[in-house]
Amino acid sequence: QGDTVHPPRLNLRALTSWVGIARLFAILLSCTAFSLVASTGVYGGPYGTWCMFSWGFCFAVTLLIVLLELFELYPKLPLSWDDFTSAFSMLAALMIFTSSVVFPSVFIANPCNSSICMRQAAATAISCLCFLAYALEVGLTRAKPGDISSFLSTVPGLLKVFEAYVACLIFSLLDTYDNVPGLQWCVAVYAVCFVITLLIIIFTIGRCLSYIPCPLEKVLVAYNALAMLMYLTAVIIWPFYSFNNRSRPSNCGPNCSWNKHLGVTFLTIFNFLAYLVDLVYSTKMVFIRTRS
């Protein structure tokens with residue numbers, strides 16, 4: 001008598017839970033935004049390519065996550081599933097938010113009268129709704145205060161994803177800094193903090209942090225303090241060397257070096273504040289865990 005073949009077991013909560021519903025909406029909305037923009041044929045250049053990649057990438061990975069949870073295949077993967085899904089939902093929210101801001105500012109004309117422009121405007125509105133769906137997922141999966149079983153679902157863990165993403169945006173805006181030691185220091189700050197933060201995220205998802213032979217929580221607090229101080233120097237040095245005795249050119253377009261340096265300035269401030277909040281929360285987590 002042969003072995004009985006059992007039908008695949010379905011986990012319907014992957015579709016019916018609030019997190020599952022948020023993911024289904026994100027899949028539908030990201031696919032719709034991608035399709036609307038693709039139908040116009042107007043998405044050339046780096047900004048359009050980035051927006052199309054963001055919608056397509058988030059659609060594909062979210063669909064994969066839903067299928068893996070529906071067929072309960074994710075336990076076979078050699079990674080921390082909760083950390084992976086929390087990190088991805090945060091990353092997707094940031095990517096879709098960026099696309100929702102960049103796409104209309106670059107491609108939508110004023111006034112918006114043509115059918116192509118109408119589809120672009122609809123795609124922008126749908127992209128904003130897609131961002132809300134991912135933001136809802138982040139809120140639903142975020143760890144409760146005191147729960148540290150899934151690090152990347154805690155506030156410090158989500159901030160790690162934010163910090164790495166903002167650093168990537170900074171790298172995309174860097175152009176002229178080779179001959180200025182002050183700017184070179186800032187680029188070194190961005191690079192060092194990005195690499196270490198990315199390694200923390202990868203090691204957490206890969207369940208490798210437990211092999212580090214030292215009190216990990218205290219190491220993270222020390223790193224956050226160091227990164228915050230390094231970014232503090234960049235907050236001061238970058239604008240000083242970028243705008244000292246330099247006014248904005250009258251014909252400064254989207255690819256103007258002055259505008260890019262201004263963007264890096266604001267992103268540097270955002271990451272400094274992120275590392276500051278990260279330090280406060282991680283210190284609080286270590287204090288609570290030590291007392292418990």
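This section describes the overall fold, the nonpolar core, the largest pocket and three individual residues of a predicted model.

The chain contains nine helices and zero strands, and its elements accordingly run α-α-α-α-α-α-α-α-α from the N terminus on. The C-alpha trace spans about 85 × 60 × 30 Å along its principal axes. Of the 292 residues in the chain, 42% are buried. Contacts between residues at least 6 apart in sequence were also examined; 77% of them join residues at least 24 apart.

The largest nonpolar core comprises 67 residues. Those with the most contacts inside this core are Trp55, Tyr134, Ile170, Tyr190, Cys193, Tyr231 and Trp238. Two or more residues are given to the core by each of helix H2 (18-40), helix H3 (45-70), helix H4 (81-107), helix H5 (115-141), helix H6 (155-173), helix H7 (181-205), helix H8 (216-243) and helix H9 (257-291). H4 gives the most, with twelve residues. The surroundings of tyrosine 231 illustrate the packing around one core residue. Apart from neighbours within four places in sequence, tyrosine 231 is in contact with Ala167, Ile170, Val189, Tyr190, Cys193, Thr268, Asn271, Phe272 and Tyr275. Ile170, Tyr190 and Cys193, which appear among these contacts, are also listed with Tyr231 among the core residues that have the most contacts.

The largest pocket holds about 1,300 Å³ of space. Its lining consists of 41 residues, and Trp50, Thr98, Tyr165, Leu169 and Ser172 lie nearest the centre of the pocket. By residue class, the lining divides into 34 nonpolar, six polar and one charged. At least two lining residues come from each of H3, H4, H6, H7 and H9. H4 gives the most to this lining, with twelve residues, and H4 likewise gives the most to the largest nonpolar core, also with twelve residues.

Glutamate 69 and threonine 85 are in contact with each other and are located in different helices, glutamate 69 in helix H3 and threonine 85 in helix H4. Glutamate 69 has a relative accessible area of 15% and is therefore buried, the cut-off being under 20%. Threonine 85 has a relative accessible area of 6% and is buried by the same cut-off of under 20%. When residues up to four places away in sequence are not counted, glutamate 69 touches Asn11, Ala14, Arg23, Tyr74, Trp81 and Thr85. With neighbours within four places likewise left aside, the contacts of threonine 85 are Arg23, Ile65, Glu69 and Glu137. Arg23 thus occurs in the contact list of glutamate 69 as well as in that of threonine 85.

Serine 257 is placed in helix H9. Its relative accessibility is 22%, so serine 257 counts as partly exposed. Residues up to four places away in sequence aside, serine 257 touches Asp175, Thr176 and Arg246. With one of these residues, aspartate 175, serine 257 forms a side-chain polar contact of 3.2 Å. Serine 257 and leucine 173 are 84 residues apart in sequence, while their C-alpha atoms are 8.7 Å apart in space.

Conventions: Residues are numbered from 1 along each chain as its sequence is written. This is a predicted model: local features need pLDDT of at least 70, side-chain atom pairs count only at pLDDT 80 or more; totals for chains, interfaces and linings use all residues. Side-chain values use heavy atoms; hydrogens and water are left out. A nonpolar core is a set of buried Ala, Val, Leu, Ile, Met, Phe, Trp, Tyr and Cys residues joined through side-chain atoms within 4.5 Å. Buried means under 20% relative accessible area, exposed over 50%, partly exposed in between (1.4 Å probe, protein chains only). Helices (H or I, at least four residues) and strands (E, at least two) are DSSP runs, numbered from the N terminus. Contact means heavy atoms within 4.5 Å. A polar contact is a pair of N or O atoms within 3.5 Å; within protein, one must be able to donate a hydrogen and the other to accept it, and residues adjacent in sequence count only if both atoms are side-chain atoms. On a 1 Å grid over the protein atoms alone, a cavity is a set of points where a 1.4 Å probe fits but cannot get out, and a pocket is an open set with protein on both sides within 12 Å along at least five of seven lines; lining residues have an atom within 4 Å of a point. Grid points are joined across faces, edges and corners, and a volume is the space filled by probe spheres set on the points. Ala, Val, Leu, Ile, Met, Phe, Trp, Tyr, Cys and Pro count as nonpolar, Asp, Glu, Lys and Arg as charged, and the others, Gly among them, as polar.
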